[in-house]
Amino acid sequence: MNDTMNFKLYLNGAITKPQNSDVFDQCKKINEENSTANGGTLIARTHIEKANYLLVVIKPMMVEEKRKSVVVGYLCLRHYDDGLYISQLAVSKDHQRQGIADRMIEYVEDHLVIEENLYLHVNHGNDNAHALFQKHNFVPMNVKYKKVYK
Ligand SMILES: CC(C)(COP(=O)(O)OP(=O)(O)OC[C@H]1O[C@@H](n2cnc3c(N)ncnc32)[C@H](O)[C@@H]1OP(=O)(O)O)[C@@H](O)C(=O)NCCC(=O)NCCS
């Protein structure tokens, strides 16, 4: 990951404040460009509104001849009774394979108090995400079966 990138952690719904709507739109764009890879789940505003934390990775870039802070990756977290749940995680296609997801997971483990579990769901076939979480010592817990009729 490039040294010019920075982390910003939004707490408890701060992301939904009007002044942060551009950050939400940029996360949404990253989610949409990855929707095939992650099984087609589009970002829902409720994921962000209900998130206890939103971590974004920001890179300064020239956009239309102006220097702009661009979101290149994000991770949403929510507290549940059984632990802290990663409800979304994605990196913009142009910035994948640069260690950004690695650094987001490390950031969460270094900066947040995880009292019990850190957990998430990964779709079957999303090999990149399976490899990522196994690299960080996450262990698969159960398998969901589905029969599709139409
Ligand atoms: C999965 C995802 C978040 C990885 O982000 P990334 O910043 O490119 O990942 P990193 O560069 O930090 O790679 C970390 C590890 O992830 C795994 N990985 C990521 N991309 C991979 C790829 N294309 N092929 C194989 N392994 C991959 C590897 O284990 C890698 O470690 P390594 O570099 O030591 O081999 C990214 O591919 C993405 O946004 N996918 C679409 C959204 C999604 O599926 N989110 C997860 C839903 S649970």
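Q: In what order do the elements of the protein chain run from the N terminus on?
A: This is a predicted model, and its protein chain holds 4 helices and 5 strands. Reading from the N terminus, the order is β-α-α-β-β-β-α-β-α.

Q: Which element of the protein chain has the lowest mean pLDDT?
A: Overall, the chain has a mean pLDDT of 88, with 92% of its residues at 70 or more. Where pLDDT is low, the predicted coordinates shouldn't be read in detail. Among the elements, helix H4 (residues 127–135) has the highest mean, 97, while the lowest, 73, belongs to helix H2 (residues 45–50).

Q: What is the radius of gyration of the protein chain, set against that of a compact globule?
A: The C-alpha atoms fill a box of roughly 50 × 40 × 30 Å along the principal axes. For 150 residues, a compact globule would come out near 15 Å, and the chain agrees with that at 16 Å.

Q: Which strands stand at the edges of the sheet?
A: The sheet is open, has 5 strands with mixed pairing, and follows the order E1-E2-E3-E4-E5. Two of its strands have a single partner each, so one side of each has no neighbour in the sheet: they are E1 (6–11) and E5 (118–119).

Q: In what sense do E4 and E5 pair, parallel or antiparallel?
A: Strands of a sheet can pair either way through backbone hydrogen bonds. Here 2 bridges link strand E4 (residues 83–91) to E5, and Leu84 sits opposite Leu118 in E5. The sense of the E4 and E5 pairing is parallel.

Q: What angle does the direction of helix H3 make with that of E3?
A: Two helices are worth looking at here. Helix H1 (residues 21–33) packs on the sheet, touching E2, E3 and E4, and its direction makes about 80° with that of E3. Helix H3 (residues 100–111) also packs on the sheet, touching E1, E2, E3 and E4, and its angle with E3 is about 55°.

Q: How many bridges join E2 to E3?
A: On its other side, E2 runs antiparallel to E1 over 6 bridges, with Leu9 and Leu55 as bridge partners. E2 and E3 form a hairpin with 2 residues between the strands, where Glu64 takes a positive phi near 50°. Val56 stands opposite Tyr74 in E3, and the count of bridges in this antiparallel pair is 11.

Q: Which element gives the largest share of the largest nonpolar core?
A: This core has 29 residues, and those touching the most other members are Leu54, Leu55, Val56, Tyr74, Leu75, Leu77 and Met104. H1, E2, E3, E4 and H3 each give two or more residues to the core. With 6 residues, the largest share comes from E3.

Q: Which residues does Leu75 touch, not counting those up to four places away in sequence?
A: Leu75 is one of the core residues that touch the most other members. Beyond its sequence neighbours, its contacts are Leu55, Ile86, Gln88, Leu89, Met104 and Val108.

Q: Why does Gln26 count as partly exposed?
A: Gln26 is found in helix H1 and, leaving aside neighbours within four places, is in contact with Val70 and Val71. A buried residue needs 20 or more C-beta neighbours within 10 Å, and an exposed one has 12 or fewer. Gln26 falls in between, because its count inside 10 Å is 18.

Notes. Residues numbered from 1 in each chain as written. Predicted model: local features only at pLDDT ≥ 70, side-chain atom pairs only at ≥ 80, totals over all residues. pLDDT = per-residue confidence, 0-100. Pairing = 2+ DSSP bridges. Contact = placed C-beta atoms within 7 Å. Axes fitted to C-alpha atoms, helices over the stretch in contact; angles between N-to-C directions. Core = buried A, V, L, I, M, F, W, Y, C linked by C-beta atoms within 7 Å. Rg over C-alpha atoms; globule rule 2.2 N^0.38 Å.
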